[in-house]
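Let's take a walk through this structure together. We'll start where protein meets DNA and then look at some ring pairs.

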Amino acid sequence: MNDEKLQSIDILTFRRDLVEWYKNNKRDLPWRQDQDPYKVWVSEVMLQQTKVDTVIPYFNRFINKFPTIEALAEADEQEVLKEWEGLGYYSRARNLQHAVREVATTYKGQVPNDPDELGALKGVGPYTKGAILSIAYNQPEPAVDGNVMRVLSRVLKIEDDITQQRTKKQFEACARKLIDPQDPSSFNQAVMELGALICTPKSPTCLLCPVQAHCQAFAVGVEEELPIKKKAKKQKKIAYVVLLVADEQGNYIIEKRKDSGLLANLWQFPMVPIEEIGWNHLENWVYGEFGFRVSLGKKQGELRHIFSHLIWQLEIYEARLIGEIVGEQRLQLVNKEELATYPFPVPHQKIMKTLFANE
DNA sequence: AATGCGGGGAA
DNA sequence: TTCCCAGCATT
């Protein structure tokens, strides 16, 4: 379908110009030190929907703590989540460990180089599969992410909506034909590097672009209009009362979240969805839900946290614990030192910080 | 095909 | 504010 678009450029010189630019301009990134398939894998998972600069410190800490497949396979999930704390999309961490354990047992600790085996692993989708195969194993497989779709939509002047699955498959077909069979690793990374450094979403630096001469969008001045992307819908707002419940010794009650869905298996201070509960029923609801009684104390502040699909509006209250906690295994009563060893989502890390600042 | 899933930085 | 980032799983 896009064959006619592909014929509008000289594939051989496009490859040459792009890869040569990459070799002269690529960034020195921690996961480019070697081609260890495990490290390539970890980096690619961390880089899903996450910028390079954000990932670098996480990658270094993670590899330092879990240097090998075996080390990660043997770790506790809570340890892994603690290393992922703040990076977001926590199911990535849980899926990664799940898949690594499978590699340890089923594949004797060797990351499979077979596309079907690799793609069957939890958390390894079309992009990550192609990235590992090309970068670690130098196989000519496409690895199409947001960068690649942006670059190719401009170079080939493709005006289909890139949020559509159909469109992504078109790009994969194009990438498969464009990829340099002599150096798939450099080619794939070159497209992404170009997207990150030159062919940026806004104000691309076309004057410095190594493939400007090949770019159909630049030729007619529509590079800023591409790619075409349908807008996301607005986030839903949810209001919570967050309870800072301390006992006489200064231990705080924390709660482990469910093992699926938002922020799965992370910890937080108890939260009350106040809109649906109502202030009048707060204490009773807390007793029914958590098994402890409180009396609401002073308001400590407010916090707004924006997720990609919803917004938390948090009101933080002190609360006094009355009596005992009756058998709730997802609750823990911990002091401040212990608090720091549990994985928390960012808004609750911020709450913790204000807690410590007040003393 | 549509939706859920984090958090941050750039403009 | 808005965008969007080296996406994937689930429905």
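A polar contact here is a pair of N or O atoms within 3.5 Å. Keep in mind that you're looking at a predicted model. With that cut-off in hand, look at Arg-32: a polar atom of its side chain lies 2.8 Å from a base nitrogen of DNA strand C, so this pair falls within the 3.5 Å limit. Bases aren't the whole story, though. Gly-125 uses a backbone N or O atom, which lies 3.0 Å from a phosphate oxygen of DNA strand C. Then there's Asp-145, with a side-chain N or O atom 2.3 Å from a sugar or linking oxygen of the strand. As for helices and strands, the elements giving two or more residues to this surface are α9 (126-137) and α10 (146-155).

Now step back and take in the whole surface near the DNA. There are 29 residues around DNA strand C, and those that come nearest are Gln-49, Gly-123, Tyr-127, Thr-128 and Asp-145. By type, the residues of this surface split into ten nonpolar, eight polar and eleven charged. What about the DNA side? Of the strand C atoms within 4 Å of the protein, 68% belong to sugar or phosphate, and the rest to bases.

Next, the aromatic rings. A pair of them is described by how far apart the centres are and by the angle of the planes. Search the whole structure and you'll find twelve aromatic pairs. One of them is Phe-14 with Phe-187, an edge-to-face pair with 6.4 Å from centre to centre and 65° between the planes. Phe-14 belongs to helix α2 (residues 11-25) and Phe-187 to helix α12 (residues 184-197), so this pair ties together parts that are 173 residues apart in sequence. Phe-14 counts as buried, at 1% relative accessibility, and so does Phe-187, at 3%.

Another pair to find is Phe-62 and Trp-84. Their ring centres are 5.8 Å apart and their planes are at 85°, so this pair is edge-to-face. Because Phe-62 lies in helix α4 (residues 52-65) and Trp-84 in helix α6 (residues 77-84), the pair ties together parts 22 residues apart in sequence. Both residues are buried. Phe-66 comes into the picture as well: ring pairs link Phe-62, Phe-66 and Trp-84 into a cluster.

Rings can also have a charge for company. The charged end of Arg-61 sits over the ring of Tyr-58, 4.8 Å from the ring's centre. Arg-293, in turn, lies over the face of Tyr-287, at 3.8 Å from the ring centre.

Key:
Residues numbered from 1 in each chain as written. Chains lettered and ligands numbered in written order. Predicted model: local features only at pLDDT ≥ 70, side-chain atom pairs only at ≥ 80, totals over all residues. Heavy atoms only, no water. Near = heavy atom within 4 Å. Polar contact = N/O pair within 3.5 Å; in protein donor to acceptor, adjacent residues only side chain to side chain. Helix = DSSP H or I, 4+ residues; strand = E, 2+ residues; numbered from the N terminus. Nonpolar A, V, L, I, M, F, W, Y, C, P; charged D, E, K, R; others polar. Phe/Tyr/Trp six-rings, centres within 6.5 Å; stacked < 30°, edge-to-face > 60°. Buried < 20%, exposed > 50% of the residue type's maximum accessible area, 1.4 Å probe, protein only. Lys NZ or Arg CZ within 6 Å of the ring centre and 35° of its normal.
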